[in-house]
Amino acid sequence: MMTCRRVVELLLDYCSENLSEGQRAILEEHFRYCPPCQVYLHSYQVTIKLSGQLPKDAPLPPEMEAKLKEVLRQFQKE
Amino acid sequence: MSDTATETNGAPIKAEQVFRDHAPRVYHLARRILGNDADAQDVTQDVMLQVVRKLDSFRGESAFPTWLHRVTVNAALAHRRKQSSRKEQAVSDPMDHFIEDGHRHPVKSWTEQPEHLVLGQEREQQIEGAIERLPDDYREVFVLADVEQLPNAEIADILGLSLSAVKSRLHRARLMMRNHLAPYFEEVTV
């Protein structure tokens, strides 16, 4: 019987589908009988999914924008 | 000095265009890797100046955004490493939440289903805050893997780490993120 600690140690490989079929089956069997690990897996997946949705090019803060305008002005004077 | 270069499709890239189109991406990437705004502003200014100074030597060897992304990551990492006054960060192991045969504390359900997730402004702030709280070595791996979606092998190459070290840090970073976010996402039980 795999322990909860060992199950959690394998979550990264489980979520990226890098486990052998045998290991995967053992984990899934554990999830069926261990509600805390089911919940933990769910929260781990939510964390990954939401982090991947963060915007990559949101607008600049005004202070940064002003500094960059100055950098561009200096560059164009060179 | 020339302030243009040629993109892979043959179109000229001008300095103003580079600032307008790419500075936000550079800034937010640097901010997430460094975990603070002041350092991110310094790195963004350095990177943008470095990039426009090299525009006339850029020959479109790779797509411009990919090249700029790599320049930004390297600049942010170099900035962090040269900060000699960095204090040592005590890192508690998220695996301490587990005892040999179970979870040390009750695990409460999260309200969200992964298949229906939408990132709103409030959640975005929670996640950005959790990223800032990660220790430096874990934050840089987490940002490159789970925010920037780079493959682990590429992250290992960028950071000079083994693949197993990247996976180990990423896993612990995810557990820390999960624990930081838990109070916000857990269902309220009456």
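# Reading a two-chain model

Modeller: In this structure, 44 residues of chain B are in contact with 35 residues of chain A. Two residues are said to be in contact if their C-beta atoms, placed from the backbone, lie within 7 Å. The model is predicted: local features need pLDDT of at least 70 and side-chain atom pairs count only at pLDDT 80 or more, whereas totals for chains, interfaces and linings use all residues. Residues are numbered from 1 along each chain as its sequence is written, while chains are lettered from A and ligands numbered from 1 in the order in which they are written.

Colleague: Which elements of chain B each supply at least two residues of the side that touches chain A?

Modeller: They are helix H1 (15-34), helix H2 (37-53), strand E4 (102-103), helix H4 (121-133), helix H5 (136-147) and helix H7 (163-185) of chain B. The names follow DSSP runs, numbered from the N terminus: a helix is a run of H or I with at least four residues, and a strand is a run of E with at least two. H7(B) gives the most to this side of chain B, with 9 residues.

Colleague: How do the residues of that side divide into nonpolar, polar and charged?

Modeller: The side of chain B that touches chain A has 23 nonpolar, 9 polar and 12 charged residues. Ala, Val, Leu, Ile, Met, Phe, Trp, Tyr, Cys and Pro count as nonpolar, Asp, Glu, Lys and Arg as charged, and the others, Gly among them, as polar.

Colleague: What makes chain A more spread out than a compact globule?

Modeller: Chain A has 5 helices and 0 strands, and its elements run α-α-α-α-α from the N terminus on. The radius of gyration of chain A is 23 Å, well over the 12 Å that the globule rule gives for 78 residues, and therefore chain A is more spread out than a compact globule. That radius is taken over C-alpha atoms, and the rule is 2.2 Å times the number of residues to the power 0.38. Along the principal axes, the C-alpha atoms of chain A fill a box of roughly 70 × 25 × 15 Å.

Colleague: Why is A:Glu17 called exposed?

Modeller: A:Glu17 has 7 other C-beta atoms within 10 Å. A residue is exposed if 12 or fewer other C-beta atoms lie within 10 Å of its own, buried if 20 or more do, and partly exposed in between, with C-beta atoms placed from the backbone. A:Glu17 is therefore exposed. This residue lies in the loop between helix H2 (11-15) and helix H3 (21-33) of chain A, and its phi is positive, about 55°, although it is not a glycine.

Colleague: Why does A:Leu19 count as partly exposed?

Modeller: A:Leu19 has 17 C-beta neighbours inside 10 Å, so it counts as partly exposed. It, too, is placed in the loop between H2 and H3 of chain A. Leaving aside neighbours within four places in sequence, A:Leu19 is in contact with A:Leu10, A:Asp13, A:Tyr14, A:Arg24 and A:Leu27.

Colleague: What fraction of each chain is buried?

Modeller: Buried residues make up 24% of the 78 residues in chain A, and 34% of the 190 residues of chain B. Chain B has 7 helices and 4 strands.

Colleague: How do you know that H5(B) is mostly covered?

Modeller: Of the 12 residues of H5(B), 10 are buried. Among them are B:Tyr138, B:Val141 and B:Phe142. The buried residues of H5(B) pack against helix H4 (35-52) of chain A together with H1, helix H3 (64-82), H4, H6 and H7 of chain B.

Colleague: How does the reach of H5(B) compare with the expected value?

Modeller: From its first C-alpha to its last, H5(B) reaches 15 Å, close to the 16 Å expected at 1.5 Å a residue. The expected span is 1.5 Å times one less than the number of residues. H3(B), with 19 residues, reaches 27 Å, close to the 27 Å expected.

Colleague: Why is B:Gln149, which follows H5(B), called exposed?

Modeller: B:Gln149 has 10 other C-beta atoms within 10 Å, and therefore it is exposed. B:Gln149 has a positive phi of about 60° although it is not a glycine.

Colleague: Which residues have the most contacts inside the largest nonpolar core?

Modeller: They are B:Val26, B:Ala30, B:Met48, B:Ala76, B:Val141, B:Phe142 and B:Ala173, in a core of 59 residues. A nonpolar core is a set of buried Ala, Val, Leu, Ile, Met, Phe, Trp, Tyr and Cys residues joined through C-beta atoms within 7 Å. H1(B) supplies the largest share of this core, 10 residues.
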